[in-house]
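Please look at the sequence and the structure together, and take time to find the strands before reading on.

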Amino acid sequence: MCAIEMKHYLKKLILPISCLFVVYTTQAQGTHAPLEDMVNAIRNDRVGDMIKYFDNFVPLTINNAQSIYSRNQAEVVLKDFFDKNIPKDFQVMDNGSPDNTSKFIIGNLFATNSIKYNVYILIKLKDGNYVLQDFRLNKE
């Protein structure tokens with residue numbers, strides 16, 4: 001293959017490879033954004049920022065008391081929790097993806113009242129959007 005043919009061949013490959021790269025990085029960013037949003041909402045005491053990831057029913061576990069709430073009830077319960085336990089710091093200890101449709105974070109929430117909570121957040125892909133599947137806040 002001569003240099004001109006090689007150059008022409010490489011030009012034809014660059015566009016499809018570039019498109020694949022853009023699609024892959026966009027998908028990768030999209031899958032991590034919900035978890036980052038949840039972590040930032042906790043760190044900054046902004047329960048309202050979490051609501052966009054609530055499904056019609058939201059499973060919450062607070063100090064080993066598990067309940068399933070409507071979207072509005074879950075918002076009230078979490079606002080009440082964070083009013084009593086104002087976030088001082090949130091440290092992500094682990095995160096991952098057990099399968100292609102779900103992601104999780106495990107972390108520690110340090111509240112201003114000197115209480116430390118273990119946090120577990122699981123989100124799952126539903127109808128093209130990530131929704132909160134499990135949210136646990138348990139005293140250490």
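The paragraphs below go from the sheet to the helix packed on it and then to the nonpolar core.

The model shown here is predicted, and a good place to begin is its open sheet of six strands, which run in the order S2-S1-S6-S5-S4-S3 with mixed pairing. Because strand S2 (65-70) and strand S3 (87-99) stand at the edges and each has a single partner strand, one side of each is left without a neighbour in the sheet. Across this sheet, neighbouring strands are turned against each other by 20° on average when direction is ignored.

Within the sheet, strand S1, made of residues 57-62, pairs with strand S6, made of residues 129-139, in the parallel sense and over three bridges. Ile62 has Leu137 in S6 as its bridge partner. Helix H2, residues 71-84, packs on the sheet and touches S1, S2, S3, strand S4 (102-111), strand S5 (116-126) and S6, while the direction of H2 makes about 130° with that of S2.

The largest nonpolar core has 28 residues, and those touching the most other members are Ile42, Met50, Leu78, Leu109, Ile121 and Phe135. Two or more residues of this core come from each of helix H1 (3-43), S1, H2, S4, S5 and S6, and H1 gives the largest share, five residues. To see one of these core residues in its surroundings, the reader may turn to Met50, which touches Met38, Ala41, Ile42, Leu78, Phe82 and Phe135 when residues up to four places away in sequence are not counted.

Technical notes: Residues numbered from 1 in each chain as written. Predicted model: local features only at pLDDT ≥ 70, side-chain atom pairs only at ≥ 80, totals over all residues. Heavy atoms only, no water. Pairing = 2+ DSSP bridges. Helix = DSSP H or I, 4+ residues; strand = E, 2+ residues; numbered from the N terminus. Axes fitted to C-alpha atoms, helices over the stretch in contact; angles between N-to-C directions. Contact = heavy atoms within 4.5 Å. Core = buried A, V, L, I, M, F, W, Y, C linked by side-chain atoms within 4.5 Å. Buried < 20%, exposed > 50% of the residue type's maximum accessible area, 1.4 Å probe, protein only.
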